[in-house]
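Here are a few exercises to work through with the model open beside you. Try each one yourself before reading the solution.

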Amino acid sequence: MSGGFVALAGLVEITSEAELRDLLGEPLPRVRDKARGALHEVDRQWLAASPFCLIATSAADGTCDVSPKGDPAGFTLVLDDRTIAIPERPGNRRADGFRNVLSNPHVGLIHFLPGRGDTLRINGRARLVREAPFFDDMVVRGHRPALAMVVEIDEIFHHCAKAFLRSGLWKPETWQPDSVPSRPQIAKLMERPEESLAELERYYGPRYAEHLY
């Protein structure tokens, strides 16, 4: 509901940090103090091996977005000990996160390694660049990025694997990709009803991967 929360019966809301801490307790000092302001060599190794990250942004009015970014491992380019750059590839052109950055530069990133439960988290301030000398290092399959997000790191730290262990995310025996409609079926139902399912299945079929760059 725009402008406020929907009233739901039976909710007991938390409204202060003191109440939150009373419920959850205080973090251990080693957890509280683990954030750093610059890249460690291990962080560089992680970024060099990571093919995927999520970028969280918020506009000046507080509206939020989380966007996935993926490319061959090492796509996040380290510019110096406190600066990284992430290339942008062809997509749906909504640019939700980028539009947020234009009004509020603060971003949060999580970098993943497939099969690993721990993650690398980065919080910082971003800017968008349309050209830079390092674009030459971001060429994939002969294509330069349309733009890049340059992030100045405020804090960086490694996050534990508990969420991944609870979810069984990397365990193939827990995967149920057919438990919901297929991507062509979702497109037909919600986005492109004027097109036939056969047309959408062809669009999202094997040739879909031929147009990533």
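**Exercise 1. Find the loop that holds A132, and decide whether A132 is buried or exposed.**

Step 1: start with the location. A132 sits in the loop between β6 and β7; helices (H or I, at least four residues) and strands (E, at least two) are DSSP runs, numbered from the N terminus.

Step 2: check accessibility. With 12% relative accessibility, A132 counts as buried, where buried means under 20% relative accessible area, exposed over 50%, and partly exposed in between (1.4 Å probe, protein chains only).

Step 3: go for a long ruler. From C-alpha to C-alpha, A132 and Q185 are 41 Å apart in space, with their positions 53 residues apart in sequence.

A word on the ground rules: this is a predicted model, so local features need pLDDT of at least 70 and side-chain atom pairs count only at pLDDT 80 or more, while totals for chains, interfaces and linings use all residues. Residues are numbered from 1 along each chain as its sequence is written, and side-chain values use heavy atoms, with hydrogens and water left out.

**Exercise 2. Work out the strand order of the open sheet, and say which strands stand at the edges.**

Step 1: lay out the order. The open sheet has 7 strands, β2-β1-β5-β6-β7-β4-β3, with antiparallel pairing; two strands pair if DSSP finds at least two bridges between them.

Step 2: look at the ends. β2 (64-70) and β3 (77-80) each have a single partner strand, so one side of each lacks a neighbour in the sheet.

Step 3: add the twist, which averages 35° from one strand to the next.

Step 4: zoom in on the bridges. β5 and β6 run antiparallel and are joined by 6 bridges, with I110 opposite R121 in β6. The antiparallel pair β6 and β7 has 11 bridges; here T119 is the bridge partner of H159 in β7, and R121 that of F157 in β7.

**Exercise 3. Which strands does α4 touch as it packs on the sheet?**

Step 1: list the contacts (heavy atoms within 4.5 Å). α4 touches β1, β2, β4, β5, β6 and β7, and its direction makes about 120° with that of β2. Axes are lines fitted to C-alpha atoms, for helices over the stretch in contact, and angles run from 0 to 180 degrees between N-to-C directions.

Step 2: pick out the buried residues of α4. They are D96, G97, F98, N100 and V101, and they pack against β1, β2, β4, β5, β6 and β7.

**Exercise 4. Which residues of the largest nonpolar core touch the most other members?**

Step 1: recall what counts. A nonpolar core is a set of buried Ala, Val, Leu, Ile, Met, Phe, Trp, Tyr and Cys residues joined through side-chain atoms within 4.5 Å.

Step 2: name the hubs. Among the 20 residues of the largest core, I55, I84, V107, L109, M149 and V151 touch the most other members.

Step 3: trace where the core comes from. Two or more residues each are given by α3 (41-49), β1 (52-58), β4 (83-88), α4 (96-103), β5 (106-112), β6 (119-129) and β7 (147-159). β7 gives the most, with 4 residues.

Step 4: don't miss the other one. A second, separate core has 9 residues, including V129, A132, F134 and A148.

**Exercise 5. Where do residues other than glycine take a positive phi?**

Step 1: try R93, in the loop between β4 and α4. Phi of R93 is near 70°, and R93 is exposed at 79% relative accessible area.

Step 2: try A95, which lies in the loop between β4 and α4. Its phi is about 60°, and A95 is partly exposed at 31% relative accessibility.

Step 3: set a glycine beside them. G115 has a positive phi near 90° in the hairpin of β5 and β6, which has 6 residues between the strands.

**Exercise 6. How many disulfides are there?**

Step 1: apply the rule, a pair of cysteine sulfur atoms within 2.5 Å. The count is 0 disulfides.

Step 2: check C53. Its nearest cysteine sulfur, that of C64, is 17 Å away, and C53 is buried at 0% relative accessible area.

Step 3: check C160. The nearest cysteine sulfur to C160 is that of C53, 20 Å away, and C160 is partly exposed at 40% relative accessibility.
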